[in-house]
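Me: I would like a close look at the charged pairs in this model, followed by the surroundings they sit in. Please keep it plain.

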Amino acid sequence: MEKSLLIVDKFGGSSVASSKQFKKVKDIVLEKKNRQVVVVSALGKENPDDSKITDLLYLLHAHIKYHVDYSNIFNMIKERYVKIKNELEIDFDI
């Protein structure tokens, strides 16, 4: 009996840092027809001055934990995702 392999690809960081990068990931995913699972993790830096989303999420958690206003950090995270959503012309509510 032949064993079948589970094909999983993970994309994160700089590979999903912008709408341009998401388009590249889409092409890679569509190339391999036998791929079964695609995992997309947090956005990386689009520009050198950006923060990684993972770092912002840790900071957000600390602000919430210590009851410090977190709205600015939350909005930074949201704006990155909304920007990509809008550039890709994806219609869903974030």
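With which residue does aspartate 9 form a salt bridge, and how far apart are the closest N and O atoms?

Reply: The model is a predicted one. In it, aspartate 9 is paired with arginine 35 in a salt bridge, and the closest N and O atoms lie 2.4 Å apart. This pair links distant parts of the chain, with the two positions 26 residues apart in numbering. Aspartate 9 belongs to strand S1 (residues 8–13), while arginine 35 is in the loop between helix H1 (19–31) and strand S2 (37–43). As for accessibility, aspartate 9 and arginine 35 are both buried.

A search of the whole structure finds two salt bridges. Besides the pair just described, lysine 83 and glutamate 46 meet through their side chains, at 3.0 Å from N to O. Here too distant parts of the chain are linked, the two residues being 37 apart: lysine 83 is in helix H3 (residues 71–87), and glutamate 46 is in the loop between S2 and helix H2 (53–65). Lysine 83 has a relative accessible area of 36% and glutamate 46 one of 33%, so each counts as partly exposed, the class that runs between 20% and 50%. In general, side chains of opposite charge can pair when their charged atoms come close.

The loop that holds glutamate 46 also holds aspartate 49. Aspartate 49 has a relative accessible area of 76%, and because the cut-off for exposed is over 50%, aspartate 49 is classed as exposed. Between aspartate 49 and isoleucine 73 there are 15 Å in space, C-alpha to C-alpha, and 24 residues in sequence.

Isoleucine 73 leads to the packing of the helices, as Ile73 is one of the H3 residues in contact with H2. The axes of H2 and H3 are 9 Å apart and meet at an angle of about 150°. Angles over 145 degrees count as roughly antiparallel, so that is the description for H2 and H3. The crossing of H2 past H3 is left-handed. On the H2 side, the contact is made by Ile53, Leu56, Leu57, Leu59, Leu60 and His63. On the H3 side, the contributors are Ile73, Phe74, Met76, Ile77, Arg80 and Tyr81. By class, the residues of this contact comprise ten nonpolar, one polar and one charged.

Note on methods
Residues are numbered from 1 along each chain as its sequence is written. This is a predicted model: local features need pLDDT of at least 70, side-chain atom pairs count only at pLDDT 80 or more; totals for chains, interfaces and linings use all residues. Side-chain values use heavy atoms; hydrogens and water are left out. A salt bridge is a side-chain nitrogen of Lys or Arg within 4 Å of a carboxyl oxygen of Asp or Glu. Helices (H or I, at least four residues) and strands (E, at least two) are DSSP runs, numbered from the N terminus. Buried means under 20% relative accessible area, exposed over 50%, partly exposed in between (1.4 Å probe, protein chains only). Axes are lines fitted to C-alpha atoms, for helices over the stretch in contact, and angles run from 0 to 180 degrees between N-to-C directions. Angles under 35 degrees count as roughly parallel, over 145 as roughly antiparallel, 65 to 115 as roughly perpendicular and the rest as oblique. A crossing is left-handed if the near helix is turned anticlockwise from the far one by less than a right angle, and right-handed if clockwise. Contact means heavy atoms within 4.5 Å. Ala, Val, Leu, Ile, Met, Phe, Trp, Tyr, Cys and Pro count as nonpolar, Asp, Glu, Lys and Arg as charged, and the others, Gly among them, as polar.
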